[in-house]
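Visitor: I'm new to reading protein models. Could you walk me through this one and explain the labels as we go?
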Amino acid sequence: MLSKDNGYERFGKEYLALTEISKTLTSPLELQELLDAVMKKIVTVVEPADVGSIMLWDQSSGLFRPAAVFGFDLEIMKEMGLRAGESVTGKVFDEGQARLLCKPEEVAEAMADMRSFNREVFARSLRTSFLPRCVLAAPISVGEKKYGVLVLETLNGKAAFTESDLPFIQTLADLIALAIDRDYLEVQLDTVRDARRTEFLRAELMAILSHELRIPLSAIKGYSTALQLEEVEWSKEKEQEFLNLIEEECDNMQVMLKEILDSSLIEVEQLTLERQPTRLPRIARDVVQEAQRRTEKHRIVVDFPSDFPIVEADQRWIKQVFRNILENAIRYSPEGGLIVIRGATRSADVVISLADQGIGISPEDLIPIFEKYFRVRSATDYHVAGTGLGLPVARAIIEAHGGRIWIESKLGEGSTVFFSLPKAKGVSENE
Ligand code: ADP
């Protein structure tokens, strides 16, 4: 159509074509779909064109790669990678000006430096070894930002492009450039938004954690200042009580710092496990021994059947799961009481439960309980310092082992945390 150089008719067709193409380019499609749709449309409105491609500069590989093609075999064309300055694409990109090449020697000269690998891909994707008869190419750029080149080609001698097609193809390339620019800006904007959000979350998290860590720290400072008051004569028992409280708060801080560290380790390492045959009852007893030293108000009982199977687990991490859950059972039973750790066997896995008689959790708070940094508001009334990381860390560890973790609780009556671990295949041994 555009090869016909007769005034109004040509103008009308170009106008219609541009309207249609701009409509496609402003539709809410993904960039790839948009470029595919536009390429299809361009080749139908620029009639002499048999094939066409949008070649975009890929910064990371330092090559022009086809972003959308028409008439070529796309799968084969995907192998094409043109270096800076290579072939028509490279030259038009460097010059920043649309080009028309319609003499065989002009086409041959512009394509002479095309590497043999690309030449072979080009021939295979067109199923012909002939060079194109006529090439029309325009740079795709917006201001200083250069994105690539729009190339249209005729393959036989019947119809050819003319000089008067140059402004039109340049306008098409400019429209494509605007669509690409818009997409890149959106991606950049998303990246900035994500970075801001991450920054904001980090700042918020720091504020929460510093606040939580200040609670035991203030208590330690208070008791030690009291002990040093010269004007007060403390009894031996009172002194011992303050020292015990200081020790307890130090333990609390240690637990919190360990949870923060575990949580960041899990995020960075994405939890690598060193599995080995593991006796869960033994780990439970070790952890209970550690914990029982720190509390007299709670009685902690371990109850496993004698034929409890061995599991394949990372002992270090599983111990941490027991610690986090047991720590909660103690901290959220301020009145003390019985804590029971049980083991049960099912056909494919084992289930461990840790039950306490503490403050319990209401049904609506049970849903987000394994989310990072979640803390039940009413629980904080008991002034229990915490990070909201103990349970999420436990969940990450259990799920990495192929198990599940869940919790059942009744407000005011107590909670039971359960976790399952797959049985080791072919291993069965008594404790
Ligand atoms: P943290 O204890 O450091 O706040 P966790 O992730 O271990 O963080 O627990 C999240 C919240 O779940 C706690 O703040 C607490 O409100 C609630 N919770 C956990 N375990 C228990 C329990 N055994 N009894 C009552 N509430 C619990």
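Visitor: Which backbone nitrogen does the side chain of His401 reach?
Guide: Before I answer, keep in mind that this is a predicted model. The His401 side chain reaches the backbone nitrogen of Asp314, at 3.0 Å.

Visitor: What makes that a polar contact?
Guide: The cut-off for a pair of N or O atoms is 3.5 Å, and the His401 side chain sits at 3.0 Å from the Asp314 nitrogen, so the pair falls within the limit.

Visitor: Why is His401 called buried?
Guide: Buried means under 20% relative accessible area. His401 has 3%, so it counts as buried. You'll find His401 in the loop between helix H13 and strand E11. Setting aside neighbours within four places in sequence, its contacts include Leu273, Arg275, Glu312, Leu421 and Pro422.

Visitor: And Ser409, why is that one called buried?
Guide: Use the cut-off again: buried is under 20%, and Ser409 has a relative accessible area of 18%, so buried is the word. Ser409 lies in strand E11, residues 405-410.

Visitor: What does the side chain of Ser409 reach?
Guide: One partner is the backbone nitrogen of Ile361, at 2.8 Å. Another is the backbone oxygen of Gly414, at 3.1 Å. Beyond four places in sequence, Ser409 is in contact with Gly360, Ile361, Leu366, Gly414 and Ser415.

Visitor: Now for helices. Why are H9 and H10 called oblique to each other?
Guide: Their axes cross at roughly 45°. Under 35 degrees would be roughly parallel, 65 to 115 roughly perpendicular and over 145 roughly antiparallel, with the rest oblique. The angle fits none of those three ranges, so H9 and H10 are oblique. The axes come within 10 Å, and H9 passes H10 in a right-handed crossing.

Visitor: Which residues of H9 and H10 meet?
Guide: On the H9 side they include Leu280, Ile283, Val287 and Ala291, and on the H10 side Ile318, Phe322, Leu326 and Ile330 are among them. The residues of this contact divide into 10 nonpolar, one polar and four charged.

Visitor: What makes H10 roughly antiparallel to H13?
Guide: H10 and H13 pack at an angle of about 150°, with their axes 9 Å apart. Over 145 degrees counts as roughly antiparallel, so that is what we call this pair. The crossing of H10 and H13 is left-handed. Trp317, Val321 and Asn324 of H10 are among the residues that make the contact, along with Leu391, Val393 and Ile397 of H13. Here the residues divide into eight nonpolar, four polar and no charged.

Visitor: How do you know that Val107 is buried?
Guide: Its relative accessibility is 1%, under the 20% cut-off, so Val107 counts as buried. Val107 lies in helix H5, residues 104-111. Not counting residues up to four places away, Val107 touches Leu101, Leu131, Pro132, Arg133 and Val135. Take Leu131: Val107 and Leu131 are 24 residues apart in sequence, and their C-alpha atoms are 7.6 Å apart in space.

Visitor: Why is Lys13 called partly exposed?
Guide: Partly exposed covers what falls between the 20% and 50% cut-offs. Lys13 has 29%, so that label applies. Lys13 is found in helix H1, residues 7-25. C-alpha to C-alpha, Lys13 and Val45 are 8.2 Å apart in space, though 32 residues apart in sequence.

Visitor: What makes the phi of Ser87 worth pointing out?
Guide: Most residues other than glycine have a negative phi. Ser87 isn't a glycine, yet its phi is positive, near 55°. Ser87 is in helix H4, and at 5% relative accessibility it counts as buried, because the cut-off is 20%.

Visitor: Which other residues of H4 are buried?
Guide: Val88, Thr89, Gly90, Val92 and Phe93. What covers the buried residues of H4 includes strands E1, E2, E3, E4 and E5, as well as helix H5. Just after H4, Gly96 takes a positive phi of about 70°.

Visitor: And Arg127, is it buried or exposed?
Guide: Exposed means over 50%, and Arg127 has 72%, so it counts as exposed. Arg127 is found in the loop between helix H6 and strand E4. Its phi is positive too, about 55°, although Arg127 is not a glycine.

Definitions and conventions
Residues are numbered from 1 along each chain as its sequence is written. This is a predicted model: local features need pLDDT of at least 70, side-chain atom pairs count only at pLDDT 80 or more; totals for chains, interfaces and linings use all residues. Side-chain values use heavy atoms; hydrogens and water are left out. Helices (H or I, at least four residues) and strands (E, at least two) are DSSP runs, numbered from the N terminus. Buried means under 20% relative accessible area, exposed over 50%, partly exposed in between (1.4 Å probe, protein chains only). A polar contact is a pair of N or O atoms within 3.5 Å; within protein, one must be able to donate a hydrogen and the other to accept it, and residues adjacent in sequence count only if both atoms are side-chain atoms. Contact means heavy atoms within 4.5 Å. Axes are lines fitted to C-alpha atoms, for helices over the stretch in contact, and angles run from 0 to 180 degrees between N-to-C directions. A crossing is left-handed if the near helix is turned anticlockwise from the far one by less than a right angle, and right-handed if clockwise. Ala, Val, Leu, Ile, Met, Phe, Trp, Tyr, Cys and Pro count as nonpolar, Asp, Glu, Lys and Arg as charged, and the others, Gly among them, as polar.
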